[in-house]
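Please look through the model below and read the report beside it. The text moves from the chains to a few of their parts.

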Amino acid sequence: MSDAAAPANSPTPAGAPAADAGPRDPVTAHAARLVQAKVPGAVVEVVETGRHPFLRITAEHLVAACLVLRDDPELALDCCHLVSAVDWLGKTPADGPGSIEVVYHLVSYAKKTSAAYRRSAVKNDGFVVLRVRVPRDKPEVPSVMGVWVGADWHEREMWDLMGVKFTDRPLLRRILLPEDWPGHPLRKDWAYPVEYHGIPIIPPEGR
Amino acid sequence: MSHEPVPSVPQVLGVVAPAVPPVVDAADLARALEERSMGQALRTEELVVNMGPQHPSTHGVLRVVIKTDGEVVTALQPHIGNLHRCVEKIGESLPYYQWLPYVDRMDYLAAINNEHGACIAIERLAGIVVPERAEYIRVILAEVQRVASHIFAMGVYGLDTGAITPFLHTFRERERGLDLLDHIAGGRLLYHVIRIGGVKRDLSPEWIDECHAFLDAVEQRLPEYNTLLLDNHIFQERTCNIGVIPPALAVGWGVTGPALRASGVDWDTRRDAPYGIYDRFQFDVPIAHSGVAGVVGDCFHRHWVRFKETEQAIRIARQALRDLPPGEIQAKLPKTLKPPKGEVYVRVENPRGELAYWMVADGTDKAWRIRCRGPSFSNIGVMTDVARGALIADLVALMGSLDIVLGEVDR
Amino acid sequence: MKSFLDGLIEGSALLGAVPRGLVYTTGILLACSGVLLLVSLFAGEIVWMERRISGRIQARIGPNRVGPQGLLQFLADGVKLMAKEDVIPSSADRLVFLIAPYIVFTGVFAAFAAIPLGAGLVPANLTFGLFYVLAITSVEVVGVIMAGWASNSKWSILGTMREVAQVISYEMPLAISALTVAVLAGSLNLTEIVDQQQGWVWQWWVFRSPATFVGFFLFFTAALAALKRAPFDLPEAESELVAGFHTEYTGFRFAIFFLAEYAGMFLFSVLTVVLFFGGWHPGVPVSLTTGVGRALSFLVLFAKSVFFISVMIWIRWSLPRYRVDKVMYLCYKVLLPWSVAAMVVAALQVLLTGGR
């Protein structure tokens, strides 16, 4: 993209493009082996290399897998940094009605604040990414609120904006939008309502 | 650090039971009151009070429904969303270039830091290399913004605890910082100065002199703020041992930033997972220790960490000003930015905690999905667990010490 | 007052022709209006003082546009507040809501009846003046309870609960520390207490006994709390309770609350000066009892009380607010024992030395 090259003295070429076929991520590899061993049938797909390694987990085994990952002394993933979801409508034609993917970014503060990490030359984010793919017409994912209490509001937000139904948890109700707001706006097929309580709504492209 | 899985979820006003009992001495008071009223004919009623969205100390349009027994808060439930402006939805509807100004509006007290993270995320997606000088300018601006944001937070915390004067004193210095950013960006609060691939304007020598003067002024004033707040006996009584967040609870809730370090967790993204050029600077990460006053994790330490971090931000900004190399400030970019398919997760250290962007690009000029993790969003959640049993005054102290910005909670 | 009017009647042929009852009534009404006007004026100027001093403390200017140096700012504020709509919440207890500000106002202003504002310048020279002042100021609490209750607002109720707990508790250390002087002076008459302090500075009660020296600090602290001034401004803590008991008040009624608050500041400053700091005696042995002296005596008292008002303002704009339980702790576990101890010391001193 850019002609400007980073100077030679720069220890980290900031923003430098990382190759997709990068080195193997040992943390994800370990996590994958662990979950495969302890929760059979949970891991659908593992990508250990590249910029964004991840584990794809089946929805029904999610909580068990999360508990394994959290309680493993090697990983000690004690924080659910972010729960997000993406609507793949029209991007994965093989799925038929399409799918919604819920993505968990997990991180370990216990490991990241350890003396060993402080000494290590390589400093990285060290996220373990779990992905759960559910059909668009029945987006039900068990809640991980019992594993990481911080997932509570994130899950509510994903229900509010994306319409992912997190099961086995209390109080799954809208958090940002009004209770009577129509639909889940981040769904790709969500249509702007004409009005809300008499307030006309003009979508960005105009009406 | 270990976590007790949340075993049962009794609903008190829609609130989930705390994983860790609140360590507030007012809780003892509440328990004593409860024990005393047991078995007596006199029945007292709990009062449900709506705190906000137009309350002076909810820092914006936060609404907290609190159940009080006299002055003791027995349950509370924050209601957010009054300031929801669909940043994520807008991000999917607009090209990357055009989305960038909206990021400023999330944490409107640290707009530069928001831009910094967003630009790094988009640059990583598109594989853009930022010129060296631009990287330094970014750090300088981000740290000036951090200083402005932290002294603002310190002053406003004085307001929350009932001292109005420190607020105006910190505003005097913050105004200088905003003037600095105004000179370079043309705006006082929302700048849009950090652009994809560089920065909008170069720093002039006069600006650099003025920036040094600002940093010196703040450094000189910090002890003055401390005589008004940090060293003040009444302030210590109001904040020490109040709203204690144990480290395990903080990590579990995803609390980040000064609030996390105030709980004794030694983590700063700038040092431990550096982004931009933060690995080139020498700075300390202040961690709460009980040698100051109170206990680790209380409101006092959150204020204390903020004060210490201001010093470190000044230090980083000075180093960046010293090392500022000559050269370009903007990488050459195409008219329409079309990052290749892929995704990116970038977290940056904002004054309020870790701001993270998760972006999914589909090869077009608009992102397929953008998700922003606002630090205040996670920080505010912990309140439901910590505030129970506190007095109303403690609730205000706790909310102020978490230093939330509602623009970012609601996004 | 009666003797003063009698003197006038004796001295003037014109007044001698008028029935005595009429002279008394007119005289008392005139005196009342005079005190009311004077105190309201001072209260207004204290508002100005507070705003200017806080401006200085906070690195800003403060009001300086209306009149010289902004001195007439309070008039502009008053006009503004009077022009505002007098909102009465629909769920309020109407009658109680309406009269509550006047009760507060009455409680403070009635106290000035027994306050000597200069040599011989006392509307009612009561033998139990100190007792009367401390008692009548308690009426203010009733008004605040009425205001908070009648507003039918949760924040007002919380503010009222704090007010009741705080002000009633602090009346004890306030009264007991004032009694240290009364015990040593052997009198509750404020004029007599002042007269005993004539002479050099060390004749002032605050310097005449360790009991009164401690008593002064206790009295001043308790007065701050009784006045709901920061750091004890819990009943109206704006960052916690929005505005406490006067959340729902607007316009003129709100102005009345404010007037009462600042009049209260003036009252307690004068009381501090009268009890501990020599009243209208300037600290050098001169007699200020006749003619110009009386006017001067008033100025001396006024100057001293302005000093204490400034201290109150200074404290308010420097300190954070105490928490409600700490305020009660301070009252019952610090101020009350100390004031009782001070009074016991004062009583022992009287016992051992015969009082002087």
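The report covers the chains, then a pair of strands, then a pair of helices.

**Chains and their contacts**

The model is predicted. Chain B has 411 residues, and 61% of them are buried. Its secondary structure consists of 16 helices and 8 strands. Among the contacts in chain B with a separation of 6 or more, 73% are between residues 24 or more positions apart.

Which chains touch? There are 2 pairs of chains that touch, and chains A and B make the most contacts. Chain A and chain C do not touch, and their nearest C-alpha atoms are 25 Å apart. Chain C does meet chain B, in a contact that takes 22 residues from chain C and 27 residues from chain B. On the side of chain C, α12 (238-241) and α15 (324-353) each supply at least two residues. The side of chain C that touches chain B has 11 nonpolar, 3 polar and 8 charged residues.

**A strand pair in chain A**

Is strand β3 of chain A enclosed or open to the outside, judging by how many of its residues are buried? This strand spans residues 79-87, and 9 of its 9 residues are buried, so the rest of the structure largely encloses β3(A). Its partner is strand β4 of chain A, residues 99-107; the two pair in the antiparallel sense over 8 bridges. One of the bridge partnerships joins A:Val83 to A:Tyr104 in β4(A). In a regular strand, side chains alternate between the two faces of the sheet.

**A helix pair in chain C**

Two packed helices are described by the angle between their axes and by the distance between the axes. Helix α11 of chain C, residues 210-226, packs with α15(C) at an angle of about 150°, and their axes are 9 Å apart. Angles over 145 degrees count as roughly antiparallel, and α11(C) and α15(C) are therefore roughly antiparallel to each other. The crossing of α11(C) past α15(C) is left-handed.

Residues of α11(C) in this contact include C:Val214, C:Gly215 and C:Leu218, and those of α15(C) include C:Leu335, C:Trp338 and C:Ala342. By class, the contact of α11(C) with α15(C) has 12 nonpolar, 5 polar and no charged residues.

The table sets out the residue classes at the two places described above.

| Place | Nonpolar | Polar | Charged |
|---|---|---|---|
| Side of chain C that touches chain B | 11 residues | 3 residues | 8 residues |
| Contact of α11(C) with α15(C) | 12 residues | 5 residues | no residues |

Definitions and conventions
Residues are numbered from 1 along each chain as its sequence is written. Chains are lettered from A and ligands numbered from 1 in the order in which they are written. This is a predicted model: local features need pLDDT of at least 70, side-chain atom pairs count only at pLDDT 80 or more; totals for chains, interfaces and linings use all residues. Helices (H or I, at least four residues) and strands (E, at least two) are DSSP runs, numbered from the N terminus. A residue is buried if 20 or more other C-beta atoms lie within 10 Å of its own, exposed if 12 or fewer, and partly exposed in between; C-beta atoms are placed from the backbone. Two residues are in contact if their C-beta atoms, placed from the backbone, lie within 7 Å. Ala, Val, Leu, Ile, Met, Phe, Trp, Tyr, Cys and Pro count as nonpolar, Asp, Glu, Lys and Arg as charged, and the others, Gly among them, as polar. Two strands pair if DSSP finds at least two bridges between them. Axes are lines fitted to C-alpha atoms, for helices over the stretch in contact, and angles run from 0 to 180 degrees between N-to-C directions. Angles under 35 degrees count as roughly parallel, over 145 as roughly antiparallel, 65 to 115 as roughly perpendicular and the rest as oblique. A crossing is left-handed if the near helix is turned anticlockwise from the far one by less than a right angle, and right-handed if clockwise.
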